[in-house]
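The following questions and answers work through a chain shown in sequence and in three dimensions, moving from strand pairing to helix packing and then to individual backbone positions.

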Amino acid sequence: MEASFRKRLLLVHLAVILAIVAFTALAGYWGLSRAVHGQLDAALLALAETEMAMLPAAPRQPVQVHEVAPGQAPPSLTRLDRLVQIIDGEGRVLARSRNLEAAQLPAPPALLARLAAGETIFETLPKFGEEPLRMVSIPVPSSGARLAVQVAGSLDDTNHVLAAATVLFGAMALALLAAVGLAGEMLTRRVLGAIDDVVDQAHSIGEASLHQRLPHPGTQDEIGRLVDTLNAMLDRLEHGYDAQRRFTADASHELRSPLSRLRTEIEITLRRPRESPEYVDALASCLDEVQRLTTLVEELLMLTRLDVGQERNAVETIELNPLVRAAAQRLEKAAAQRGIRIVFDASVDVQARVAAGPVDLVLANLLDNAVKFSPPDSVISVHVARDGAHAIVGVSDAGPGIGVEDLPHLFERFYRGAQARAGEAPGFGLGLALSQAIVHAYGGSIEAQNRPQGGALFLMRLPASS
């Protein structure tokens, strides 16, 4: 079974800490070893140079190791573990310290050859006597007899220091590893515990509980930001699901009403034999309902395609003035039946980067709404303007305006204002929602506001051509 992420994270954390501690301990041990060996070598070399300086200048004078005679001075530990020997070029011992007794420091031919070349040689003698020794051999310059001084010292104290350092470094490494490992385990448990809480809560959230949110750890670190992001996503999902649910319910209601009327009309017509004009009237009424159903289905399909990005035609540079003028002319006849005039201000030529067909549909919806809600013998004003990177088409009427409670919901699907619900204007409540979806698909927007002098103003902003 594969290890959990927590275990793998802890193992990786411990491995990295172990590698760092081991490297640090080895580096410290190596530095300490060089320091203590360097101190010993320096002490041996200083003693050898002292003995060399005290050798007689005349070649025939006797050679001796300078030591304090027993009983002539206070006790001294200066040379207690130092062995001193003076040899000639052939390796014969000319003088030695008393603590060497009958023993002789090694002077093999290879060492003698290097001394003859003027080298100072340091070497370790692991098997000389009871303890390992460190020895330095230096040639005596300006000596006709080619003398050399050898000084050796015990490595026992140095080895004890390094052994104690090894134990100390090991104990410190284990303590540090345990402390860091425990801290890492506590931190990992806290962090991943918060993630486990989020996972458990996420498993319990379904379609019926989209109002629930993931538990926040109380910090604004990476996990806190992740939880904030996921909760924001849940907000969008909840709103989208609620909108989809309302959309489905509203669409079902809007479809059911004309279908019910259509069924009722047909049932009433078929109850008894009728004259041909009555059948024609019934069929005409049924055709009106079918036309309403067809319009509703087409608008629903277009909204669905816009939602998934499938209804976006190729963008092109179009002249807005002729397009707006043609849309206004198509509604002039319907407006004239109520004494309404449509006035188009074409003083500025504006180009936009959109598709002509969808924008023409939006213009038709805006103008149709203006005609529906304008009182008789009033004027609908249409103008085109340029505002920076946007091309603006404004449609204003002299109607009662938009209710304050209706304004925030005006572009929601199937939403109908107070006047429309009162039966003053036919429709399904999809025209403005469809118009907004089309304009958004081309990078534009639609705004609705009330004019100070009365009436409503719709502003459509589209990307202007450069």
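Q: In this predicted model, how many bridges join strand β7 to strand β9?
A: Strand β7 covers residues 341-345 and strand β9 covers residues 379-387, and the two run parallel. Within this pairing Arg-341 stands opposite Val-379 in β9. The number of bridges that join β7 to β9 is 5.

Q: Which residue in the turn between β9 and β10 has a positive phi?
A: Besides its pairing with β7, β9 is joined by 7 bridges to strand β10 (residues 390-396), and here the strands run antiparallel. Ala-385 stands opposite Ile-392 in β10. The two strands β9 and β10 form a hairpin with 2 residues between them, and the turn residue with a positive phi, of about 65 degrees, is Gly-388.

Q: Which strands stand at the edges of the open sheet that is ordered β2-β1-β5-β4-β3?
A: This open sheet is formed by 5 strands with antiparallel pairing. A strand at the edge has a single partner strand, so one of its sides is left without a neighbour in the sheet. The strands in that position are β2 (93-96) and β3 (121-125).

Q: What angle does the direction of helix α2 make with that of β4?
A: Neighbouring strands of the open sheet are themselves turned by 20 degrees against each other on average, with direction ignored. One of the pairs in the sheet is β3 with β4 (residues 133-139), held in the antiparallel sense over 5 bridges, and there Leu-125 stands opposite Leu-133. Helix α2 (residues 109-116) packs on the sheet and touches β1 (82-87), β3, β4 and β5 (148-154), while its direction makes with that of β4 an angle of about 40 degrees.

Q: How do the residues of the contact of α7 with α9 divide into nonpolar, polar and charged?
A: Helix α7 (residues 356-373) and helix α9 (residues 431-441) pack at an angle of about 150 degrees, with their axes 9 Å apart, and α7 passes α9 in a left-handed crossing. The residues that α7 brings to this contact are Pro-358, Leu-361, Val-362, Asn-365, Leu-366 and Asn-369, and they meet Gly-431, Leu-432, Leu-434, Ser-435, Ile-438 and Val-439 in α9. The residues of this contact divide into 8 nonpolar, 4 polar and no charged.

Q: Which residue with a positive phi follows α9?
A: The buried residues of α9 are Leu-432, Ala-433, Leu-434, Ser-435, Ala-437, Ile-438 and Val-439, and several of these, including Leu-432 and Ile-438, also take part in the contact with α7. After the helix comes a residue whose phi is positive, near 80 degrees, namely Gly-443.

Q: Is Glu-101 buried or exposed?
A: Glu-101 is found in the loop between β2 and α2, and its phi is near 55 degrees, a positive value in a residue other than glycine. Its relative accessibility is 64%, and the cut-off is over 50%, so Glu-101 counts as exposed.

Q: What is the relative accessibility of Asp-377?
A: Asp-377 is found in the loop between α7 and β9. Although Asp-377 is not a glycine, its phi is positive, at about 60 degrees. Asp-377 counts as exposed, with a relative accessibility of 68%.

Definitions and conventions
Residues are numbered from 1 along each chain as its sequence is written. This is a predicted model: local features need pLDDT of at least 70, side-chain atom pairs count only at pLDDT 80 or more; totals for chains, interfaces and linings use all residues. Side-chain values use heavy atoms; hydrogens and water are left out. Two strands pair if DSSP finds at least two bridges between them. Helices (H or I, at least four residues) and strands (E, at least two) are DSSP runs, numbered from the N terminus. Axes are lines fitted to C-alpha atoms, for helices over the stretch in contact, and angles run from 0 to 180 degrees between N-to-C directions. Contact means heavy atoms within 4.5 Å. A crossing is left-handed if the near helix is turned anticlockwise from the far one by less than a right angle, and right-handed if clockwise. Ala, Val, Leu, Ile, Met, Phe, Trp, Tyr, Cys and Pro count as nonpolar, Asp, Glu, Lys and Arg as charged, and the others, Gly among them, as polar. Buried means under 20% relative accessible area, exposed over 50%, partly exposed in between (1.4 Å probe, protein chains only).
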